Amino acid sequence: MARYVFGADVGGTTVKIGLLTETGEKVDFWEIPTRTENHGENIIPDIADSIRAKMKEKNIEDTQVVGAGIGVPGAVNADGVCHQAVNLGWEKVNVVNELHSKLKLPVKAGNDANVAALGEAWKGGGQGYPNMLLVTLGTGVGGGIIVEGKILNGAKGSGGEIGHLHLVDDEPETCGCGNHGCFEMYASATGAVRIAKRVLAKTDEDSVLRGKDFECRDIFDAAKAGDKVAKEIADQYGYYLGKGIAAVASVVNPEIIVLGGGVSKAGDMLFDLLMPSFKEFVFPGCADAKFALAKLGNDAGVYGAAKLVCG
């Protein structure tokens with residue numbers, strides 16, 4: 001008899017849900033709206049109802065389901081309690097207990113970034129490597145650390161918050177977390193734009209970026225096309241990216257480092273940019289880590305959530 005597992009990745013707008021076999025083969029993926037009104041009280045019941053409806057549609061019995069995993073945008077402790085998820089309107093929610101009470105199936109929960117890392121380790125860019133670091137480069141810098149096939153959650157579920165590693169002293173601007181000089185202030189997409197504006201302000205040299213509203217991808221496109229100022233910006237970006245990754249790698253000693261998020265669409269160029277500073281700052285015993293791009297995209301959280309319950 002076939003055995004199945006469900007994974008749910010809760011975002012501020014939609015919940016992505018997947019039905020997979022317990023070996024990680026995709027059966028069906030779909031989305032439902034995230035109803036955040038009334039402190040998000042409908043989110044968990046909606047997930048339970050959607051899973052039950054899918055089981056009925058596919059003629060799947062309870063005895064065929066290993067369980068359901070769920071990733072949420074907040075810290076989740078070992079008991080399945082999320083103490084706050086601002087984007088969902090949650091204050092303190094026992095995610096595991098509430099979903100189990102509605103679904104009547106085994107449930108496990110985790111932070112969405114950590115769960116996405118587990119997904120990439122299971123079926124994505126880190127497949128085959130039980131010790132993996134995922135670095136997600138988007139509006140901020142997120143991450144997840146997998147040690148011997150398990151998520152490094154930390155005492156209260158905040159493990160893997162690599163974006164707020166302190167990287168630069170004397171930074172005048174404030175990070176979203178309230179500190180100064182955090183990794184994500186330089187290595188995120190918004191960080192790349194911050195670096196670009198500072199470089200452009202210090203030189204009068206011509207650049208296709210000057211006098212325009214631009215995004216991170218425009219910087220890399222200009223650098224690839226030979227724009228001298230854009231290349232300087234990209235080099236500075238790579239310096240900070242490599243230095244930050246080196247600091248994390250020196251602590252957790254991953255076999256492979258997987259880059260995801262929107263900035264990772266720059267592809268192999270990122271590796272060329274970050275490797276000089278990575279090699280300069282990483283502890284020698286951790287310097288042989290492999291690098292790869294993430295493969296699962298927006299589905300990583302669904303795969304990882306499913307993996308939570310199927311071991």
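This report describes the nonpolar cores, a helix packing, a set of paired strands and a buried helix in a predicted model.

**The largest nonpolar core**

The largest nonpolar core holds 55 residues, and among these F220, I245 and I257 touch the most other members. Several elements give two or more residues to this core, namely the strands β8 (132-137), β9 (141-147) and β11 (256-260) together with the helices α5 (184-187), α6 (189-202), α7 (216-224), α8 (228-252) and α9 (268-281). The largest share, 12 residues, comes from α8. I245 illustrates how parts of the chain that lie apart in sequence come together, for when residues up to four places away in sequence are not counted, I245 touches L133, V135, F183, I257, L259, L274, F278 and F291. Apart from this core lies another one, of 33 residues, which includes F6, L19, I70 and V107.

**How α7 meets α9**

Two packed helices are described by the angle between their axes and the distance between the axes. For α7 and α9 the angle is about 85°, and the axes are 12 Å apart. Because an angle of 65 to 115 degrees counts as roughly perpendicular, α7 is roughly perpendicular to α9. In this contact F220, A223 and K224 of α7 meet M269, L270 and L273 of α9. Sorted by character, the residues of the contact of α7 with α9 comprise 5 nonpolar, no polar and 1 charged.

**Strand β4 and its partners**

Strand β4 (residues 65-72) has 8 of its 8 residues buried, so β4 is largely enclosed by the rest of the structure. This strand pairs with β1 and with β7, as the table sets out.

| Strand paired with β4 | Direction | Bridges | A residue pair |
|---|---|---|---|
| β1 (residues 4-10) | parallel | 6 bridges | D9 in β1 opposite G71 in β4 |
| β7 (residues 107-111) | parallel | 5 bridges | A68 in β4 with V107 in β7 |

In a regular strand the side chains alternate between the two faces of the sheet. V107, the bridge partner of A68, is also one of the residues of the core of 33 residues.

**Helix α10**

Is helix α10 (residues 300-310) largely enclosed or largely open? Since 10 of its 11 residues are buried, α10 is largely enclosed by the rest of the structure. The buried residues of α10 are A300, G301, V302, Y303, G304, A305, A306, K307, L308 and V309, a list in which the charged residue K307 appears beside nonpolar ones such as V302 and L308. After α10 comes G311, whose phi is positive, near 70°.

Key: Residues are numbered from 1 along each chain as its sequence is written. This is a predicted model: local features need pLDDT of at least 70, side-chain atom pairs count only at pLDDT 80 or more; totals for chains, interfaces and linings use all residues. Side-chain values use heavy atoms; hydrogens and water are left out. Buried means under 20% relative accessible area, exposed over 50%, partly exposed in between (1.4 Å probe, protein chains only). Helices (H or I, at least four residues) and strands (E, at least two) are DSSP runs, numbered from the N terminus. A nonpolar core is a set of buried Ala, Val, Leu, Ile, Met, Phe, Trp, Tyr and Cys residues joined through side-chain atoms within 4.5 Å. Contact means heavy atoms within 4.5 Å. Two strands pair if DSSP finds at least two bridges between them. Axes are lines fitted to C-alpha atoms, for helices over the stretch in contact, and angles run from 0 to 180 degrees between N-to-C directions. Angles under 35 degrees count as roughly parallel, over 145 as roughly antiparallel, 65 to 115 as roughly perpendicular and the rest as oblique.
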